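Please look through the sequence and the model shown here before reading on. The report that follows takes up selected local features one after another.

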Amino acid sequence: MQSFNPDLTEKIIDEIKKRTKTPAYSLTVENKSEISLFDSKFGGMPYWDLKKEYPSDICGNKLMLLAQINFDNADVNSPLPQSGMLQFFIDANDDVYGADFDNPENQDKFRVVYHDNVDYSLNKQKISELDIPVIEDCEYSPVSKELSVKISPCESYMDCSNSHFDDIIKDILNNIGEIIPDDISIYQYIDDECYDKIIEAVSACGHKMLGFPFFTQSDPREYSDTLAKYDTLLLQIDSDEDDDRSFEIIWGDCGVANFFINSEALLKKDFSKVIYNWDCY
């Protein structure tokens, strides 16, 4: 078998991007001194509609806000809502952050809530009277402090955490006459430096909505017909360092969390059925 030609690296990258490009929205942590009740953010005091029952675990303990997205202030397109507030809550007194790895559909310790309309007359004093847990009250919060986030359009590509990634590279090479035997993996064929360059160029890591997810282990939907219907990445929150290289967000041993929803349910703004999973190295 012939050895890999490093000059093909850029061609592979360009072709992966061409074949898998899909629109998404990146969530960038902002250095903001004042974060309001209504901002899109990770952690902190949540907005809450006082007419609704606040989400709790099966024991009645109130859940902590992991993230909220204010679509009133975000320039996004369908299938995401163009208005309202979407929130993600977890049990941050649970050492696996409210996830049920055997049954990611189980919402005993996490919840996703959508508010069609936001009441901007509310203030933090009124919300604090609900005795809602914040980061300082929780033992296992993956978020170290309240963080404002900016939502921006981006492009997302399939990366090496997707089980079809190597098949796509093989097909790209086969189409240009580089025939790779089925019993040889792409990692064996392409030298480390070139393979790392490909991985970096199409990485799916980072905070985002929609697009391709990133996993440190594997996609839990691949092993279950029941979970396969959750075909859309609703939210991904990655581990994240600040400028001082200390982690503002960390999932276990530097992992990543994903929330998935069915595409038709997302269009209907039905967030009652969502799966939640995180994994780490």
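The sections below treat a helix pair, a pocket, some backbone features and several individual residues.

## Basis of the report

The structure described here is a predicted model, and the statements below should be read with that in mind.

## The pair α1 and α3

Two packed helices are described by the angle between their axes and the distance between the axes. For helix α1, which spans residues 9-20, and helix α3, which spans residues 165-175, the axes come within 10 Å of one another and cross at roughly 115°. The crossing of these two helices is right-handed. On the α1 side the residues that meet α3 are Ile12, Glu15, Ile16, Arg19 and Thr20, while on the α3 side Phe165, Ile168, Ile169, Asp171, Ile172, Leu173 and Asn175 take part. Sorted by class, this contact is made of seven nonpolar, two polar and three charged residues.

The buried residues of α3 are Phe165, Ile168, Ile169, Lys170, Ile172 and Leu173, and these buried residues pack not only against α1 but also against α4 (186-189) and α5 (192-201). After α3 comes Gly177, which has a positive phi near 90°.

## Ile12 within α1

Ile12, a residue of helix α1, has a relative accessible area of 0% and is therefore classed as buried, since the class covers values under 20%. Apart from residues up to four places away in sequence, Ile12 touches Phe4, Ile169, Ile172, Leu173, Ile190 and Ile198. With Ile198 the separation along the chain is 186 residues, whereas the C-alpha atoms of the two are separated by 7.6 Å.

## The largest pocket

The largest pocket encloses about 250 Å³ of space. Its lining consists of 15 residues, and those that lie nearest the centre of the pocket are Val29, Glu30, Asn31, Lys145 and Glu248. Three strands, β1 (22-30), β6 (147-156) and β9 (240-241), each supply at least two residues of this lining. By class, the lining has nine charged residues, together with three polar and three nonpolar ones.

## Phe247 in β10

Phe247 belongs to strand β10, which covers residues 247-249. Its relative accessible area is 32%, so Phe247 counts as partly exposed, the class that lies between 20% and 50%. When neighbours within four places in sequence are left aside, Phe247 is in contact with Ser144, Ser239, Asp240, Glu241 and Cys254. One of these, Ser144, lies 103 residues away along the chain, and its C-alpha atom is separated from that of Phe247 by 7.7 Å.

## Backbone features in loops

Most residues other than glycine have a negative phi, and most peptide bonds are trans. Against that background, a cis peptide bond joins Ser78 and Pro79, with omega at about 20°. Pro79 lies in the loop that runs between β3 (64-70) and β4 (85-90).

Asp131, although not a glycine, has a positive phi of about 55°. The residue is found in the loop between α2 (124-128) and β6, and with a relative accessible area of 62% Asp131 is exposed, because that class takes in values over 50%. Lys269, which is likewise not a glycine, has a positive phi of about 60° and is placed in the loop between α6 (263-267) and β12 (275-279). At 36% relative accessibility, Lys269 counts as partly exposed.

## Asp49 and Asp192

Asp49 has its place in the loop between β2 (41-42) and β3. With a relative accessible area of 14%, Asp49 is buried, since the value falls under the 20% limit of that class. The C-alpha atoms of Asp49 and Val118 are separated by 7.6 Å, although the two residues stand 69 residues apart along the chain.

Asp192 is found in helix α5 and counts as partly exposed, at 46% relative accessibility. In sequence Asp192 and Asn61 are 131 residues apart, and in space the distance between the two, taken from C-alpha to C-alpha, is 49 Å.

Methods: Residues are numbered from 1 along each chain as its sequence is written. This is a predicted model: local features need pLDDT of at least 70, side-chain atom pairs count only at pLDDT 80 or more; totals for chains, interfaces and linings use all residues. Side-chain values use heavy atoms; hydrogens and water are left out. On a 1 Å grid over the protein atoms alone, a cavity is a set of points where a 1.4 Å probe fits but cannot get out, and a pocket is an open set with protein on both sides within 12 Å along at least five of seven lines; lining residues have an atom within 4 Å of a point. Grid points are joined across faces, edges and corners, and a volume is the space filled by probe spheres set on the points. Helices (H or I, at least four residues) and strands (E, at least two) are DSSP runs, numbered from the N terminus. Ala, Val, Leu, Ile, Met, Phe, Trp, Tyr, Cys and Pro count as nonpolar, Asp, Glu, Lys and Arg as charged, and the others, Gly among them, as polar. Axes are lines fitted to C-alpha atoms, for helices over the stretch in contact, and angles run from 0 to 180 degrees between N-to-C directions. A crossing is left-handed if the near helix is turned anticlockwise from the far one by less than a right angle, and right-handed if clockwise. Contact means heavy atoms within 4.5 Å. Buried means under 20% relative accessible area, exposed over 50%, partly exposed in between (1.4 Å probe, protein chains only).
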